[in-house]
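Please open the structure in your viewer and keep the selection tool at hand. The tour below proceeds from stop to stop, stating what to select and what is found there.

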Amino acid sequence: MTPEFSLIARHFTHRTRHTLLGVGDDAALIQPRRGHVLAISADMLVEGRHFFKGADPQALGHKTLAVNLSDLAAMGATPRWATLALALPKLDDAWLAAFSRGFMRLARAHGVDLIGGDTTRGPLNLCVQIMGEVPAAKALRRDGARAGDDIWVSGTLGDAALAVAARNAKIILKKQMLTGMSRRLDTPTPRVTLGTALRGVAHSALDVSDGLLADLGHICERSHVAAVVQFDALPRSPLMRALVADRAAHRAVQGALLAGGDDYELCFTAPPSRRAAVALAGQRSRTRVTRIGRIVHTPAGATTVAVVDAQGMPLNITHRGFDHFG
């Protein structure tokens with residue numbers, strides 16, 4: 001057995017629970033449950049673009065799977081299977097062991113079978129294809145928002161973006177604050193349980209990966225509506241609230257809340273008549289949910305996302321989210 005296949009066998013071959021045929025053949029064999037359809041997504045993480053050089057491999061293993069689980073959460077799907085493709089500068093047994101620990105711990109927590117993948121030499125690049133099941137016709141989508149819907153978001157926003165800014169020396173954070181915010185960046189929590197609880201409740205949903213305004217804008221575009229977001233309603237962590245009084249950090253805080261990436265929270269819309277059901281979904285999934293605005297009719301054909309202050313006055317926001325080619 002070559003070193004490559006030896007490492008795959010040691011770190012990435014695990015017992016499966018939902019799979020007809022897993023790692024070890026030319027392709028895996030899977031079968032969704034009766035009455036369900038497959039939800040499939042893929043995400044790539046590139047060193048220096050999506051994570052810092054020298055990132056802790058165990059945390060990186062967690063995040064590599066978490067960002068993909070977040071996509072299924074946004075669809076209301078139950079995760080089942082994943083493939084993993086790795087480009088590695090070199091074969092490093094200790095690095096792969098730590099990466100596998102982080103990846104497989106999260107996989108087991110969500111009942112995900114690792115069923116195949118690929119490895120090659122190259123700049124560090126991590127790519128997962130995630131597959132899950134959702135009852136036919138019950139998937140959450142981006143194109144279902146309706147005028148009059150409430151806009152909701154799970155968890156809190158902005159911590160991960162401030163951690164990135166601090167690591168890039170664009171803002172200074174106290175050590176304890178940076179440590180707390182870095183946890184949100186390095187080991188995000190995919191809101192899978194909330195996503196499945198919102199089936200039949202939410203009209204539309206997606207995960208916030210590139211920034212709230214940019215991602216909410218995708219819902220507006222696909223649903224042919226517009227949105228009004230109340231800035232003061234955006235949920236903030238205790239660490240974020242501690243920065244509110246710091247005038248020097250005001251612009252960074254505003255940017256992180258509205259346009260920071262790496263939140264991996266769910267943004268979704270639901271009719272006002274379903275507020276109690278949304279609250280119950282949050283309680284059952286042990287996830288904070290916050291109403292942050294409303295969906296409105298599209299003004300003059302423009303699918304815009306406006307941000308207003310406590311008095312309802314519009315805020316001038318120039319930066320709206322992460323640009324993968326910016």
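**Helix α4 and the loop that follows**

Select Ala-166, which lies in helix α4, residues 159–167. The model shown is a predicted one. Is Ala-166 buried or exposed? With a relative accessible area of 16%, Ala-166 is buried, because the limit for that class is under 20%. Now add Leu-178 to the selection. Although Ala-166 and Leu-178 are 12 residues apart along the chain, their C-alpha atoms are separated by 7.4 Å.

Move next to Ala-169, in the loop between α4 and α5. Its relative accessibility is 68%, so Ala-169 counts as exposed. The backbone deserves inspection here: phi of Ala-169 is near 60°, a positive value in a residue other than glycine. Most residues other than glycine have a negative phi.

A second stop of this kind is His-224, in the loop between α7 (212–223) and β9. The phi of His-224 is likewise positive, near 60°, and the residue is not glycine. His-224 has a relative accessible area of 62% and is therefore exposed.

**Strand β9 and its partners**

From His-224, proceed to strand β9, residues 226–230. How many of the 5 residues of β9 are buried? The number is 4, so the strand is largely enclosed by the rest of the structure.

Display the two strands that pair with β9. Strand β11, residues 289–296, pairs with β9 in the antiparallel sense over 4 bridges. In this pairing, Ala-226 stands opposite Val-296 of β11. Strand β12, residues 305–308, pairs with β9 in the parallel sense, also over 4 bridges. Here Gln-230 stands opposite Val-308 of β12.

Keep Gln-230 selected and add Leu-315, which is found in the segment after β12. Leu-315 and Gln-230 are 85 residues apart in sequence, while their C-alpha atoms are 9.8 Å apart in space. Leu-315 counts as partly exposed because its relative accessibility is 28%.

**Salt bridges between separate parts of the chain**

The whole structure contains 8 salt bridges. Three of these pairs are visited below.

Begin with Glu-133 and Arg-80, whose side chains meet in a salt bridge at 3.0 Å, N to O. Glu-133 lies in strand β6 (residues 125–135) and Arg-80 in strand β4 (residues 78–88), so the pair ties together parts that are 53 residues apart in sequence. Both Glu-133 and Arg-80 are buried. Add Arg-33 to the selection to see a network of salt bridges that links Arg-33, Arg-80 and Glu-133.

Before leaving this region, select Trp-81, which also lies in strand β4. With a relative accessible area of 1%, Trp-81 is buried. Which distance separates the C-alpha atoms of Trp-81 and Ile-130? They are separated by 6.0 Å, with the two residues 49 residues apart along the chain.

For the second pair, select Asp-150 and Arg-275. They form a salt bridge in which the closest N and O atoms are 2.7 Å apart. Asp-150 belongs to strand β7 (residues 150–154) and Arg-275 to helix α10 (residues 275–284), and the pair links these distant parts of the chain, 125 residues apart. Asp-150 has a relative accessibility of 4% and counts as buried, whereas Arg-275, at 34%, counts as partly exposed.

The third pair is Glu-265 and Arg-184, whose side chains meet in a salt bridge at 3.1 Å, N to O. Glu-265 lies in strand β10 (residues 265–270) and Arg-184 in helix α5 (residues 175–186); the pair links distant parts of the chain, 81 residues apart. Glu-265 and Arg-184 are both buried.

**A patch of positive charge**

For the final stop, display the surface and select Arg-17, Arg-101, Arg-105 and Arg-108. These residues gather in a patch of positive charge on the surface. Arg-108, one of the four, is located in helix α3, residues 93–109. How accessible is Arg-108, and what class does it fall into? Its relative accessibility is 48%, so Arg-108 counts as partly exposed; the exposed class requires over 50%.

Conventions
Residues are numbered from 1 along each chain as its sequence is written. This is a predicted model: local features need pLDDT of at least 70, side-chain atom pairs count only at pLDDT 80 or more; totals for chains, interfaces and linings use all residues. Side-chain values use heavy atoms; hydrogens and water are left out. Patches are made of residues with over 30% relative accessible area and no salt bridge: like charges are joined within 9 Å, nonpolar side chains (Val, Leu, Ile, Met, Phe, Trp, Tyr) within 5 Å. Accessible areas come from the Shrake-Rupley method with a 1.4 Å probe; for residues, only the protein chains shown count as cover. A salt bridge is a side-chain nitrogen of Lys or Arg within 4 Å of a carboxyl oxygen of Asp or Glu. Lys and Arg count as positive and Asp and Glu as negative; His and the chain ends are not counted. The place of a charge is taken as NZ of Lys, CZ of Arg, CG of Asp or CD of Glu. Buried means under 20% relative accessible area, exposed over 50%, partly exposed in between (1.4 Å probe, protein chains only). Two strands pair if DSSP finds at least two bridges between them.
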